[in-house]
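Me: I am new to this structure. Please take one part and walk me through it closely, then show me what else is worth a look.

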Number of protein chains: 2
Amino acid sequence: MQDIDAIDRTILSILSQEARIPMKSLAGRIGLSRSATTERVTRLEKAGVIRGYRADIGQLEEGTIQAFLLVTLKRTPSIGVLDRLAGFSSVRKVSSVSGQLDLVVEVEVGSINALNELRNEVATMDNVEDLTTSIVLRRDIERS
Amino acid sequence: MQDIDAIDRTILSILSQEARIPMKSLAGRIGLSRSATTERVTRLEKAGVIRGYRADIGQLEEGTIQAFLLVTLKRTPSIGVLDRLAGFSSVRKVSSVSGQLDLVVEVEVGSINALNELRNEVATMDNVEDLTTSIVLRRDIERS
DNA sequence: GGTGCAACCGGCATATTGCCGGATGCATCA
DNA sequence: TGATGCATCCGGCAATATGCCGGTTGCACC
């Protein structure tokens, strides 16, 4: 049960695309009963493999300003910070990285004001030690 | 109805953290009936504001290593550096940013060795003043 | 062969959803 | 002013999904 087997991987790949799918439908797709499927999903949640379920929010308006927030934490890991980041619809991508930095956060906001607000919110989070903001001036290379 | 009002924003912020919450509970939290809440959510989905619902997976698949190269240039802009970066197939995205940094380069390589080679190549480019490498340990949030 | 255990299944009571008709507020316009 | 259209809201009912349970199976370990 410690292992993540092929069925678990199927579950994860389905849920990472359609998190609100009923357990019954999920069960049908992977060929298990509903109760076995529910047990597996519950186990994955408890084990921390599934951290939660998020709505994927598109841009609210003309989200044209993109920026990188380079975050150094006081302690790692910090689930609290990640959860709060996930709550901002302007947060597009968060990567935990090695080295001096801890998190690279890519954001997309509608205005400099919004960016400043977001920056402040993140900077004042408990576990955030340091925060550098870099606004994207130009996208030079972008490959699928 | 084209507008996204305060209630919609509340809905989005709740769903971006608990995407599997029953509509009935969501309705209770925002103080509307279930049917009105469902209508709003459906509208947000159709409008593309909600792009989907994703399970937040806490582990990374093996195989490719992703990293950020945070580049400071001696002079900006530097077409030469951009051209040479574009020549590496492992370079996925390059952003010119404001502030202390100049470029944020996202790369994807097959091994630590490949990353080190790439790092060396970039670090020794003429116009590169400073280079910080941060390996992505985990992708915490990713929205299309 | 007995015991413990993880994983599976189905069933029943309860909770949630999909879908409907109908009320309300509001702008438009003859 | 009163009729019309429309967006938004509400509650109700049947269909569906969930939570929770007991029971079965396969397997490792004495």
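Reply: Start with one pair of residues. Val94(A) stands opposite Val105(A) in strand S4 of chain A. Keep in mind that this is a predicted model.

That pair belongs to a longer match. Strand S3 of chain A covers residues 91-97, and it pairs with S4(A) in the antiparallel sense. Five bridges hold the pairing. S3(A) and S4(A) also form a hairpin, with five residues between the two strands. Look at Gly99(A) in the turn: its phi is positive, about 100 degrees.

Now turn to S4(A) itself. The strand takes in residues 103-109. How many of the seven residues are buried? Seven of the seven are, so S4(A) is largely enclosed by the rest of the structure. Buried here means under 20% relative accessible area.

Next, see which way the residues point. In a regular strand, side chains alternate between the two faces of the sheet. In S4(A), Leu103(A), Val105(A), Val107(A) and Val109(A) point one way. Val104(A), Glu106(A) and Glu108(A) point the other way. Both sets are buried, the two Glu residues included.

S4(A) has another partner. Strand S2 of chain A, residues 65-73, runs antiparallel to S4(A). Seven bridges join S2(A) and S4(A). One of the matched pairs is Ile65(A) with Val109(A).

Step back to the chain. The domain assignment splits out domain 1 of chain A, residues 6-46, and domain 2, residues 65-135. Their centres, taken over C-alpha atoms, lie 31 Å apart.

Chain A also pairs with chain B. Strand S1 of chain A, residues 50-57, runs antiparallel to S1(B). Seven bridges join these two strands. Within this pairing, Ile57(A) stands opposite Ile50(B). On the chain B side, six of the eight residues of S1(B) are buried, so that strand is largely enclosed by the rest of the structure.

Finish with two helices in chain B. Helix H2(B) spans residues 23-30, and helix H3(B) spans residues 34-46. Their axes are 8 Å apart and meet at an angle of about 100 degrees. That makes H2(B) roughly perpendicular to H3(B). By class, their contact has five nonpolar, two polar and two charged residues. From H2(B) come Met23(B), Lys24(B), Leu26(B), Ala27(B) and Ile30(B). They meet Arg34(B), Thr37(B), Thr38(B) and Val41(B) in H3(B).

Methods: Residues numbered from 1 in each chain as written. Chains lettered and ligands numbered in written order. Predicted model: local features only at pLDDT ≥ 70, side-chain atom pairs only at ≥ 80, totals over all residues. Heavy atoms only, no water. Buried < 20%, exposed > 50% of the residue type's maximum accessible area, 1.4 Å probe, protein only. Helix = DSSP H or I, 4+ residues; strand = E, 2+ residues; numbered from the N terminus. Pairing = 2+ DSSP bridges. Domains from an automatic or database assignment. Axes fitted to C-alpha atoms, helices over the stretch in contact; angles between N-to-C directions. Parallel < 35°, antiparallel > 145°, perpendicular 65-115°, else oblique. Contact = heavy atoms within 4.5 Å. Nonpolar A, V, L, I, M, F, W, Y, C, P; charged D, E, K, R; others polar.
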